[in-house]
Amino acid sequence: MSTVTYLAKLGELTLKRSNKREFEQRLTANVRQYLKGLPVSVQLRAGRMYVEGPESAAAAIEFTLAHMIGITGWARARVCEKNIASITQAVYEEAREAQAAGAKTYKIETRRADKGFPLTSYEISREAAGAVFDSGILQVDVHRPDAVIRVEVRDRCFVYCDKHRSCRGLPVGTGGKGLLLLSGGIDSPVAGYRMMRRGMKVDCLYFHAWPYTSAEAQQKVEDLAAVLACYGVSTHIHIAPFTEVQMRIKERAPEAYSTLLLRMCMMKAANLVAEHIHADCIITGESLGQVASQTVENLAVTESASERPLLRPLIGLDKEEIIQTAEEIGTYPISILPYEDCCVLFSPRHPVLHAGIQEANRLYAALDADGLIREAVEKRCVKRFAAAGRVMERFAGAETPQPLTVQQ
């Protein structure tokens, strides 16, 4: 059975000092969690991660590395003996594959981590490049090559061509735990992803207003949570029935304040859930000035209802920047499905733009909604999504794909 080898380059965690080992251990544990149950080995040495397994696991490994927060890039590599003849042959084979893929020009970059190797990096590149040039399959272009063939001489020798970008950031699980207010829109999934890239473990909270929001709207949000789980190892989504709370707002609150008061009620509910799951903070997809509830004054009102720190990772981004990230991580096609969430359905025609905290608190007290909020939290449904399920679906040796969701 043939074996495949992948190299992954570590990212920001290499800048850590006394606690660097802790970050490395977390990254390694995350990769192993993704690949749990598969016949692969994961090792981390000298700034590189090595993942090896049978050819049948190649797609699963590639999915894992493409979604792994904490590494900057990865490549499938040829492993050869540590002598110039073997290196040259491996480079030639990479060049042939690059030519078959349409490349016409190339250059070679060598990294000699093993200083005991008899040739310097330049000498290795020169010898290997000569063999490719003499064969005539590719032409040298050191400025804009179609293919860059890389050679790394370490405890073993690795040769690879295609280098894929990954997510960068810090390994999930090194930055505390947050509770994301996840809606069916474009912004909140991106907010959750950005906090995952800062090492935060993220669970989600969704407010459902049946029958005013459909089962398709809930499924849409669950699908978004499943995508986020592919980056965050796993996530739980808490689905809270919020119809009674929204009806109380509609009955007792001035229409202009309805969205703002709903946001305050959501914050109250989020803090109760956060206390239960031991989350350190609340995360939202708010961006300054994007909608009426996101003026500076209204953001201050929303934040006043939270006992925990409120993180807004999108606060200074415009919509185009948010959409770009949503497209990159795969949430955008789901977010634009035409199933409205509860916030949209109960939006006032002329919302208040510059609310004061004192007046908002007075109106909130008049709702007398704390009991309804607690009841919604107690009745919430919880589902778990794990990246390992998606990984297993890509393993050629799997008889039955693991379920992506587990009802709790």
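**Note on the predicted model**

1. In strand β2, residues 41–45, the side chains alternate between two faces: V42 and L44 point to one and are buried, whereas S41, Q43 and R45 point to the other and are not. This agrees with a general rule: in a regular strand, side chains alternate between the two faces of the sheet. The model under discussion is predicted.

2. The partner of β2 is strand β3, residues 48–54; the two run antiparallel and are joined by five bridges. Within this pairing, L44 of β2, one of the buried residues, stands opposite M49 in β3. The connection is a hairpin in which two residues lie between β2 and β3. In the turn, A46 has a positive phi of about 50 degrees.

3. Which residues of helix α9 are buried? Within α9, which covers residues 296–304, they are N298, L299, V301 and T302. These residues lie on the same side of α9 because they cover an arc of only 155 degrees around the axis. The spacing may be read against the general geometry: an α-helix has 3.6 residues a turn, so residues three or four places apart point the same way. The buried residues of α9 pack against two helices, α8 (258–277) and α13 (357–367), and against strand β14 (310–311).

4. How many disulfides does a search of the whole structure find? The search returns zero. For C80, the closest cysteine sulfur belongs to C157 and is 3.7 Å away, which is too far for a bond, since a disulfide requires the two sulfur atoms to be within 2.5 Å. C230 is likewise in no disulfide, the nearest cysteine sulfur, that of C167, being 10 Å away.

5. Are C80 and C230 buried or exposed? C80 has a relative accessible area of 15% and is buried; the cut-off for this class is under 20%. C230 has a relative accessibility of 2% and therefore also counts as buried.

6. Turning to the chain as a whole, there are 15 helices and 16 strands. The C-alpha trace spans about 80 × 45 × 45 Å along its principal axes. Of the 408 residues, 52% are buried. The accessible surface comes to about 18,800 Å², and carbon and sulfur atoms account for 49% of that area.

7. As to contacts along the sequence, those between residues at least 6 apart were considered; 79% of them join residues at least 24 apart.

Definitions and conventions. Residues are numbered from 1 along each chain as its sequence is written. This is a predicted model: local features need pLDDT of at least 70, side-chain atom pairs count only at pLDDT 80 or more; totals for chains, interfaces and linings use all residues. Side-chain values use heavy atoms; hydrogens and water are left out. Buried means under 20% relative accessible area, exposed over 50%, partly exposed in between (1.4 Å probe, protein chains only). Helices (H or I, at least four residues) and strands (E, at least two) are DSSP runs, numbered from the N terminus. The arc is that of the directions from the helix axis to the C-beta atoms. Contact means heavy atoms within 4.5 Å. Two strands pair if DSSP finds at least two bridges between them. Accessible areas come from the Shrake-Rupley method with a 1.4 Å probe; for residues, only the protein chains shown count as cover.
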